[in-house]
Every structure is written in C-alpha cells, then in structure tokens.
Amino acid sequence: MRLHRNLCFAVIDGLTLIFNEGKYADKVIQQLLKRDKRWGARDRGFVAETTYDIVRWKRLYAEIADVKEPFDRDNLWRMFAVWATLKGIKLPDWKYFEGTPLRKIKGRFDELSKIRKFKESIPDWMDEIGRKELGDAVWSKEVAALNEQADVILRVNTLKTTKEKLQEVLFDSNIETEFLEKYPNALKLRERANVFATEAFKKGWFEVQDASSQLVAEFLNVKPGMRVVDTCAGAGGKTLHIASLMENKGQIIAMDIYSNKLNELKRRAKRNGAHNIENRVIESTKVIKKLYDKADRVLIDAPCSGLGVLRRNPDAKWKLQPDFIEKIKITQQEILQQYSRMVKAGGQLVYATCSVLPSENQKQVKTFLASEAGENFTLVKDKKVLAHQSGFDGFYMALLERKA
C-alpha cells in the first residue's frame, strides 16, 4: 500500500479533533469524508478505517511511540508511524517519519502484547472493572472481541419487503449479503459498502442495526393490536422493529427525554412506512404517570455504559469514566422503578442494555424484583449476549411479567 499525503493529513486532522477536543469519532469522520469530492470509495475507506484504528489502539500506539496526551501533531505522526509499521506499510521519506525506529516499534509491540491493558488498549479502570465483574478468562476474550471491527448488519423492514427480495435487490447494486441463522430479519454484508446510497434504503426497505440489537424487539413478545411503550426510544431503531413485528396494527408510544432524537425517529418512521408510532417527549413525570397501568408491553432500553458496543464506538473507551458508570446504575434503577408502573396487570416488560457488566444487568433486575415496585413482577427469562460468543455486540435483556 502506498500512503498518500492528503489522506494522511485528513487522518491527523481527525485525530486532533477526537483526542484533543473531545469530538465524537463518527461525527469527525463524517466531516472528513466530505473534504475532497475527488476521493473514491477506497480513499474514503482509508481515512475512516485508519482513523478508527488509531482511536481504537490509542493507548498501545501512544505507549510504543512514547508520547503523552495532549498530543501535538508530531506526536500524532509518531503514532501514525507505529500504526503503519505494525500494518507492514512502507513509510515514505516524508519529514514526519524521519528516524522512525522500525525494529524498536516491533519489539515494543511484542513486549506490551503480554499485558492486557496495553494489548487491548484500554484504561486501567476499565480493565479492573471488567476483570472484577466477568472474571479474568471471560474478560480477556470479551475485550479482544470488542476491539474487532463490527460487521455491517441490516434489518429488513417487513412492512415493505422480504429478506429474500432485499437480498436480490442489493445484489443488483453489487452488494452481497448473507442470511444469519437465529436472526430472522438480518442480512450481513460480505464486504463493507455505502448502503445508505442505495435505492432500497431510500425506499425504507431496511435499517442498519446490529444483530444483537435485533433480538430485543423479538424478546418483547409483541402482537398486532397491542399498546406498546418504548420508554427510551432515542432515534428509534428498536421502535421501528417493533412496528414491523406489529404489522402496523395497534399503538406504539415512543418516548425520550431528547426531542431531537424523536424528530429523527419521525423521519425514519415515514421512510419505513410505520404509521402506528406516536412520539412523546418526557418533559415531566406527568407524561409517564398518564400511562400507569395502560400498556400491554413496555420496553426499557436503558441508558448504560455502552461497554457492549465498543466495536462501533471505539472512542467511548477514552470518553467513559468510572464515576459515570456508578451514576448510570442509579439512573437505571430509578427508570425501572418508575417506568415499570406503565405495565398493566398481565402485561410484560423488557429491560435491556448494551452493556456486558452484570452490575448494570442481572443485578439491576434482582434489585428491582426485591423492591416494593417489583414485587408484582416475575422474571420470565433473560439473555446475556457476549461479543466473543455471538460475534456481534454485547447485550443484555430480561423479560418480566406483571402478575395478573
């Protein structure tokens, strides 16, 4: 592979914004890709994947390059040189790479690969919490899986088409996909491609949604004609899945504290042809109290550490702080206590997170069931999805039933 100056500059500019200014990697990359209209798919792929790669392995590369934060541009070029050397890419004779110690880089890599927090490039506290909650052996496998690049998974919108038909149409656009066993609505891309530019996407035939995330709506056990409340709907990936499972019959109330996310859901619902969704912004507890004892099904896709989705958000490793996890656990329990009251007698509730930590998952359900609000509920079943076992994001979901 030959390195091109303008593409490498784009990567360095992106890393400056992500590491030094706290910008979100996905937003920065979106901006970078608009920089030069002449760039082809391969150029854009290089910028996106290289930036994500260096973000993912920041701690390891910084340690090998012997640089400390905040990184100046020279530091970032040194980290870039580490990345290129470890990938077996020949460094051009640019001033940024003068005196790069190639042999030392490989030696240092072998040395640091014996220590998990460097090998997997994670903060000390994260290594500690993962080891404590999952045990050494499981955590080692899990964190390695969370460092792998995520596959692109589509969820077919059954309100508009079938999986077979979608596969056929995408094949005509030179996008090859395969079915996934045990995921009835999923198609996995054989190679990365810009699926958003396809006619099928514009027509609302599919959404991009990880396979693990697709399990949540299925777990909720919805039927056409029900009244379902999605309490932390966000931009509505799971809401739209619920709408298709309900065949557009019945009512879905999508709630969130952020109105901009619900606006995005409204846009997506229109494209998906989902007509049974009503958006409600949670501006006060009044919005929730109005629905006490009224819902057949309630989904609580709770705010969490996001440790299960690090493959697609590698910069979260550096943004996340241990005190955030402690605070979010309090929020999770408050939400469970309050939102569970919307479930009517005989109705069901799913509590879900995209975390792999038992303290955010099984322990929260146990605490809830032992509380006054939870004494009317029983645990029907739960499912723990680990990335190293499934090959997809880490997730947790528990199905609870309110006694009739």
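In this predicted model, the buried residues of helix H8 are covered by several elements, among them helix H7 (116–119) and helix H9 (136–145). Helix H16 (316–319) and helix H17 (322–339) also belong to this cover. Helix H8 spans residues 124–134. Its buried residues are Met126, Asp127, Ile129, Gly130, Glu133 and Leu134. Their spacing can be read against the geometry of a helix. An α-helix has 3.6 residues a turn, so residues three or four places apart point the same way. Helix H8 is followed by Gly135. The phi angle of Gly135 is positive, near 85°.

A second region of interest centres on a cysteine. The UniProt record, an unreviewed entry, places the feature "active site" at Cys354. Cys354 lies in a loop. Strand S9 (343–353) comes before this loop, and helix H18 (362–369) comes after the loop. Cys354 has a relative accessibility of 19% and therefore counts as buried, since the cut-off is under 20%. Contacts were also examined, leaving aside neighbours within four places in sequence. On that basis, Cys354 touches Cys304, Gly306, Leu307, Gly308 and Val309. Gly394 and Phe395 are in contact with Cys354 as well.

The contact with Cys304 raises the matter of disulfides. A disulfide is a covalent bond between the sulfur atoms of two cysteines. How far is the sulfur of Cys304 from the closest cysteine sulfur? The distance is 3.5 Å, and the partner is Cys354. A disulfide requires the two sulfur atoms to be within 2.5 Å, so the pair is too far apart for a bond. Cys304 is itself buried, because its relative accessibility is 13%, under the 20% limit. Cys232 was considered in the same way. The closest cysteine sulfur to that of Cys232 is in Cys304, at 10 Å, which is too far for a bond. Cys232 is buried too, with a relative accessible area of 16%. The count of disulfides comes to zero.

Open space was examined next. Rolling a probe the size of a water molecule over the atoms shows where empty space is left. The second largest pocket has a volume of about 400 Å³. This pocket is lined by 17 residues, and the closest to its centre are Met1, Gly45, Phe46, Glu49 and Thr50. Which element gives the largest share of the lining? Helix H3 (residues 41–56) does, with nine residues. By character, the lining of the second largest pocket comprises seven charged, six nonpolar and four polar residues.

Notes:
Residues numbered from 1 in each chain as written. Predicted model: local features only at pLDDT ≥ 70, side-chain atom pairs only at ≥ 80, totals over all residues. Heavy atoms only, no water. UniProt positions renumbered as here; feature names shortened; annotations may be inferred. Helix = DSSP H or I, 4+ residues; strand = E, 2+ residues; numbered from the N terminus. Buried < 20%, exposed > 50% of the residue type's maximum accessible area, 1.4 Å probe, protein only. Contact = heavy atoms within 4.5 Å. 1 Å grid on protein atoms, 1.4 Å probe; cavity = no way out; pocket = protein on both sides within 12 Å on 5 of 7 lines; lining within 4 Å. Points joined across faces, edges and corners; volume = space filled by probe spheres on them. Nonpolar A, V, L, I, M, F, W, Y, C, P; charged D, E, K, R; others polar.
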